[in-house]
Amino acid sequence: MQKSYVLAVLAGAFLFVACGSSKKTVASKTVNPYGKVVEAEPCIELYEQSPCNRAYGNGQHFKEATARNIAELQARAMFARKIESAILSATEDMGISMEKYAADDQSGQSVADQSGEANDLAMGIAQQVVRNIHTIKTTRYLKSNNQFTVFVCMEYAGDENTLVDQIERSVQDKISQDDRTKIEQRHNEFRRRILERLTE
């Protein structure tokens, strides 16, 4: 009897320890050291599928239309910044000077490139391209205080090649004939550099 009592106590102790350790294991698996996982947002996911020719934005306002306008402005600004960065990087890597012509092609005179002029020209090109984007997805959320949060995903109206073609033509319109020749001679490299920066 005493032997069976001791065995029962030992078995109970073993089960207690086993259950306690399994609870710790389960608890350690549910705790994420990085914090709570944020739920995926459909417009952001859509952008991430094709970052080269898409952008997203979000806006908050008590009027849904205003929230949407803010979101679209953010998306357009994001797309323009990507294009500007791609142009500046590609032209710099290839030794192309972003100069603005002060005269027509016959005189061939150009204005010296001031510190901010290349940025202004690149942004001007980006703003032209941004005119060709449109909304492809919208998601709306309504908070408890009746404030709208609107996300939009916007896409360039054309494929990647059409986008790069438009950027390349616009850059060639703003640079000297010598630099145009550089782009023509290294056409594929220029396009590759633009695409690389757009997908970052």
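In this predicted model, helices α5 and α6 cross in a left-handed sense. Helix α5 comprises residues 160-174 and helix α6 residues 177-185, and the two pack at an angle of about 155° with their axes 8 Å apart. Because angles over 145 degrees count as roughly antiparallel, α5 and α6 are roughly antiparallel to each other. On the α5 side the contact is formed by Glu168, Val171 and Gln172, and on the α6 side by Arg180, Ile183 and Glu184. Sorted by class, the residues of this contact are two nonpolar, one polar and three charged.

One of the α6 residues in that contact, Ile183, merits a separate description. Ile183 has a relative accessible area of 0% and is therefore buried. When neighbours within four places in sequence are left aside, Ile183 is in contact with Ile96, Glu168, Val171, Gln172, Ile175 and Phe190. Ile183 can also be related to a position far from it in the chain: Thr91 is 92 residues away in sequence, yet the C-alpha atoms of Ile183 and Thr91 are 9.0 Å apart in space.

A second helix pair is formed by α3, residues 64-93, and α4, residues 117-130. These helices pack at an angle of about 130°, and their axes are 8 Å apart. How, then, are α3 and α4 oriented to each other? An angle of about 130° does not exceed the 145 degrees over which a pair counts as roughly antiparallel, and it lies outside the range of 65 to 115 for roughly perpendicular pairs; α3 and α4 are therefore oblique to each other. The crossing of α3 past α4 is right-handed, whereas that of α5 and α6 is left-handed.

The contact between α3 and α4 draws on Arg76, Phe79, Ala80, Ile83, Glu84, Ile87 and Leu88 in α3. Their counterparts in α4 are Ala118, Asn119, Ala122, Met123, Ile125, Ala126, Gln127, Val129 and Val130. By class, the residues of the contact of α3 with α4 divide into twelve nonpolar, two polar and two charged.

These helices belong to a protein with seven helices and three strands. Read from the N terminus, the order of elements is α-α-β-α-α-β-β-α-α-α. Of the 200 residues in the protein, buried residues make up 35%. Among contacts between residues at least 6 apart in sequence, 65% join residues at least 24 apart.

The loop between β2 (133-142) and β3 (148-156) contains Asn146, and Gln147 lies in that loop as well. The phi angle of Asn146 is near 65°, which is a positive value in a residue other than glycine. Are these two loop residues buried or exposed? Asn146 has a relative accessibility of 51% and so counts as exposed, while Gln147, with a relative accessible area of 15%, is buried. Setting aside neighbours within four places in sequence, Gln147 is in contact with Gln60, His61, Phe62, Tyr141 and Leu142.

Helix α7, residues 187-198, includes Leu195. The relative accessible area of Leu195 is 24%, so the residue is partly exposed. Not counting residues up to four places away in sequence, Leu195 touches Cys52, Glu160 and Val164. Leu195 and Leu163 are 32 residues apart along the chain, and their C-alpha atoms are separated by 9.3 Å.

The contact of Leu195 with Cys52 leads to the cysteines. The structure holds zero disulfides. A disulfide is a covalent bond between the sulfur atoms of two cysteines. Cys153 takes part in no disulfide, and the nearest cysteine sulfur, that of Cys43, is 6.0 Å away. The cut-off for a disulfide is a pair of cysteine sulfur atoms within 2.5 Å. Cys153 has a relative accessible area of 0% and is therefore buried. Cys52, at 1% relative accessibility, likewise counts as buried.

Note on methods. Residues numbered from 1 in each chain as written. Predicted model: local features only at pLDDT ≥ 70, side-chain atom pairs only at ≥ 80, totals over all residues. Heavy atoms only, no water. Axes fitted to C-alpha atoms, helices over the stretch in contact; angles between N-to-C directions. Helix = DSSP H or I, 4+ residues; strand = E, 2+ residues; numbered from the N terminus. Parallel < 35°, antiparallel > 145°, perpendicular 65-115°, else oblique. Left-handed = near helix turned anticlockwise from the far one by under 90°. Contact = heavy atoms within 4.5 Å. Nonpolar A, V, L, I, M, F, W, Y, C, P; charged D, E, K, R; others polar. Buried < 20%, exposed > 50% of the residue type's maximum accessible area, 1.4 Å probe, protein only.
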